Structure formats: C-alpha cells, structure tokens
Amino acid sequence: MQAFHPRYYAIVPAAGSGSRMGSGQPKQYLALLGKPLIHHALQVLCGVAEIEKVFVVLSVDDAEWRRHDWSGLGDRLVPLFCGGTTRADSVLAGLRAIASLVQPTDWILVHDAARPCLAEWHVDRLIRDLAQDEVGGLLAVPVADTLKRADEHRHVLGTVARDCLWQAQTPQMFRYVMLRRALESAQHVTDESSALEAAGLHPKLVLGDATNLKVTYPLDLHLAEWILRNREE
Ligand code: CTP
Ligand code: MG
C-alpha cells in the first residue's frame with residue numbers, strides 16, 4: 001500500500017553562516033517581525049496537513065537553536081544537528097539522518113531556511129501539481145528582466161534570450177530515494193533540481209511568485225518584512 005500513498009516530509013537546511021548578509025549572525029536567526037527569520041517558514045510547513053515531520057538541519061555546533069522557543073510549532077518539528085560544509089551536504093546529511101523513518105517513494109520537500117515568506121498556497125500548489133509526477137519538481141518564476149552576459153570588466157558581451165528561463169526557488173519536492181541518490185553523485189550543485197538534472201531527469205517547474213524571495217543581502221530582510229506585514233493585514 002505504501003507505494004500508492006507516499007507520505008510527505010520537509011527538510012529545511014539551516015546550517016549556513018549567512019556571510020553575504022554581513023551581520024555577524026547566521027541569517028536564519030536574524031529577527032524578523034519579532035521572531036527568528038527561520039520561524040516564519042517553519043510555521044507554514046508545520047501547518048500543512050500533509051507534511052508528517054519538518055526536519056531542520058542545523059550545524060553540528062549550533063548553539064542558537066535552543067535559545068529560542070519553538071513549542072508553538074508543535075511536535076512535528078525535529079531539529080537535526082548534522083549540517084555539512086555546503087547546502088547540498090546539509091540536505092544529504094538530513095536525508096541520511098531520517099533514513100529509518102521514510103520509505104523510498106515518500107516525498108521530501110526541501111526548503112531554504114532563508115526564504116521566510118513562504119506562503120501556504122506555495123506549498124499547496126507544489127504538492128497538488130506534483131502529486132502524480134514520477135520525478136517531482138520545484139517552485140519557480142519566469143525571468144522578467146532582459147539578461148546580459150558580461151566580461152569580467154562588466155562590458156556586455158551579449159543578451160541572453162529570456163524565453164524559457166526561470167528562477168528556481170524552494171520548496172523543491174522529490175522522492176526520497178531519487179533525491180538521495182542524485183545528491184550522492186552530484187558535484188557542486190546549489191539546489192536539489194540540479195542534482196536530479198545531472199542524473200538525466202527533468203523536474204517540473206511549478207509557478208510560484210516573487211514574494212518567496214531568498215534573504216541573501218541586508219535589503220532582502222527589509223523586503224521580507226514588508227511582504228509579511230502586508231500579508232498579515
Ligand atoms: N545552508 C546549509 N548548510 C550550508 C550552507 C547553507 O544548510 N553549509 C542553508 C542556509 O542556512 C540557507 C540555505 O542553505 O537556509 C540557502 O543557502 P544560502 O542562502 O547561501 O545561505 P548561507 O550559506 O547561510 O549564506 P551565504 O552563502 O551568504 O554565506
Ligand atoms: Mg551559501
């Protein structure tokens with residue numbers, strides 16, 4: 001029966017240092033509307049009925065997690081202190097840590113801790129659009145700007161046609177065993193989809209929107225705050 005009724009789990013890589021924020025503190029713990037930044041996405045994921053557990057992959061020496069109160073998020077939230085040196089290493093370490101709990105065909109939703117404006121409808125659409133898919137896929141938005149390729153002196157070499165170009169976001173949703181195998185053989189990937197692509201597979205793009213931004217630079221934190229505030233109202 002299991003093969004016909006796969007379960008859903010989330011893995012949230014949160015073992016990065018946030019070096020591009022330049023804040024001296026990993027960005028997942030920066031304050032955003034009075035809560036640690038990561039709290040916002042965890043709250044959404046923990047509130048999705050289909051998701052059995054939300055695993056947060058923290059760095060081995062993370063001392064900050066236990067300073068905050070996560071009890072409001074319920075008992076589906078599970079911290080794992082097994083992060084690696086890259087995002088892909090952290091996700092793979094999380095997948096290995098949960099091996100005994102999951103079935104090969106269960107779905108894994110990987111979501112960046114650094115995307116605090118995840119909305120319930122983003123997750124619902126991803127789950128709904130991919131439920132019957134063999135491989136899985138990811139939230140993404142079509143590229144809107146005209147794109148330039150430049151040399152190292154910032155002189156334009158040409159314009160890159162933007163038709164068919166999409167910006168990848170998270171969550172990215174794949175079957176446990178396919179994702180684990182792909183990440184075990186992939187090199188230098190910055191998202192799960194790239195690992196599946198390297199294995200010759202073709203993940204499906206699910207239309208998201210620009211509000212699901214990744215907080216990378218200080219300005220992004222202000223944008224995230226604005227988005228969440230306006231959503232509340
Ligand atoms: N991440 C992780 N383990 C790592 C590196 C990154 O779990 N070794 C996580 C981050 O915590 C973040 C997500 O992967 O939630 C996306 O990575 P990114 O935005 O690059 O975050 P950082 O690596 O923390 O930031 P920076 O690259 O600026 O240092
Ligand atoms: Mg990084």
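Modeller: In what follows, helices are DSSP runs of H or I with at least four residues, strands are runs of E with at least two, and both are numbered from the N terminus. Please keep in mind that the model above is predicted.

Biologist: Let us use those names at once: where does Leu 33 lie?

Modeller: Leu 33 belongs to the loop that runs between β2 (31-32) and β3 (35-36). Its backbone deserves attention, for Leu 33 is not a glycine and yet has a positive phi of about 50°.

Biologist: How should I read the accessibility of Leu 33: what does Leu 33 count as?

Modeller: Buried means under 20% relative accessible area and exposed means over 50%, with partly exposed in between. Leu 33 counts as partly exposed because its relative accessibility is 24%.

Biologist: Which loop holds His 188, and what is its phi?

Modeller: His 188 is in the loop between α4 (176-185) and α5 (192-198), and this residue, although not a glycine, has a positive phi of about 55°. With a relative accessible area of 81%, His 188 is exposed.

Biologist: Turning to another backbone feature, which residues does a cis peptide bond join?

Modeller: The angle to look at is omega, which is about 5° for the cis peptide bond that joins Thr 170 and Pro 171. Pro 171 is part of strand β10, which covers residues 166-175.

Biologist: Now for a whole helix: how many residues of α1 are buried?

Modeller: Helix α1 spans residues 37-46 and is mostly covered, since nine of its ten residues are buried. Among the buried ones are Leu 37, Ile 38, His 39 and His 40 at one end of the list, and Val 44, Leu 45 and Cys 46 at the other.

Biologist: Cys 46 makes me think of cysteine pairs; how many disulfides does the structure hold?

Modeller: The count rests on distance, as two cysteine sulfur atoms must be within 2.5 Å of each other. By that rule the structure holds zero disulfides. Cys 82 is in none, and its nearest cysteine sulfur, which belongs to Cys 46, is 17 Å away. For Cys 117, also in no disulfide, the nearest cysteine sulfur is that of Cys 46, again at 17 Å. Cys 117 is buried, with a relative accessible area of 0%.

Biologist: How do I compare distance along the chain with distance in space, and how far apart are Val 91 and Arg 180?

Modeller: One reads two values for the same pair of residues. Val 91 and Arg 180 are 89 residues apart along the chain, while their C-alpha atoms are separated by 8.9 Å. Val 91 is in helix α2 and counts as buried, at 0% relative accessibility. In another pair, Leu 80 and Val 12 are 68 residues apart in sequence, and 9.9 Å lies between their C-alpha atoms. Leu 80 is in strand β5, residues 77-81, and counts as buried because its relative accessibility is 14%.

Biologist: What separation in space do Val 156 and Leu 95 have?

Modeller: Those two residues are 61 apart along the chain, and their C-alpha atoms are separated by 42 Å. Val 156 has its place in strand β9, residues 156-160, and counts as exposed because its relative accessibility is 53%.

Biologist: Finally the ligand: where does ligand 1 sit, and how many residues surround it?

Modeller: Ligand 1 sits in the largest pocket, and 19 residues surround it, the closest being Gly 18, Ser 19, Arg 20, Ser 90 and Lys 214. Among the secondary-structure elements, β1 (8-14) and α2 (87-97) each give at least two residues to the shell around ligand 1.

Biologist: Which atoms come within a few ångströms of ligand 1, say from Gly 16, Lys 27 and Ser 90?

Modeller: Here one looks at pairs of polar atoms. A polar backbone atom of Gly 16 is 3.0 Å from an oxygen atom of ligand 1, and a polar side-chain atom of Lys 27 is 2.8 Å from an oxygen atom of the ligand. Ser 90 places a polar side-chain atom 2.7 Å from a nitrogen atom of ligand 1. Ligand 1 on its own has 560 Å² of accessible area, of which the protein covers 88%.

Terms used. Residues are numbered from 1 along each chain as its sequence is written. Chains are lettered from A and ligands numbered from 1 in the order in which they are written. This is a predicted model: local features need pLDDT of at least 70, side-chain atom pairs count only at pLDDT 80 or more; totals for chains, interfaces and linings use all residues. Side-chain values use heavy atoms; hydrogens and water are left out. Buried means under 20% relative accessible area, exposed over 50%, partly exposed in between (1.4 Å probe, protein chains only). A residue is near a molecule or strand if one of its heavy atoms lies within 4 Å of it. A polar contact is a pair of N or O atoms within 3.5 Å; within protein, one must be able to donate a hydrogen and the other to accept it, and residues adjacent in sequence count only if both atoms are side-chain atoms. Accessible areas come from the Shrake-Rupley method with a 1.4 Å probe; for residues, only the protein chains shown count as cover. On a 1 Å grid over the protein atoms alone, a cavity is a set of points where a 1.4 Å probe fits but cannot get out, and a pocket is an open set with protein on both sides within 12 Å along at least five of seven lines; lining residues have an atom within 4 Å of a point. A molecule sits in a cavity or pocket if more than half of its atoms lie within 2 Å of its grid points.
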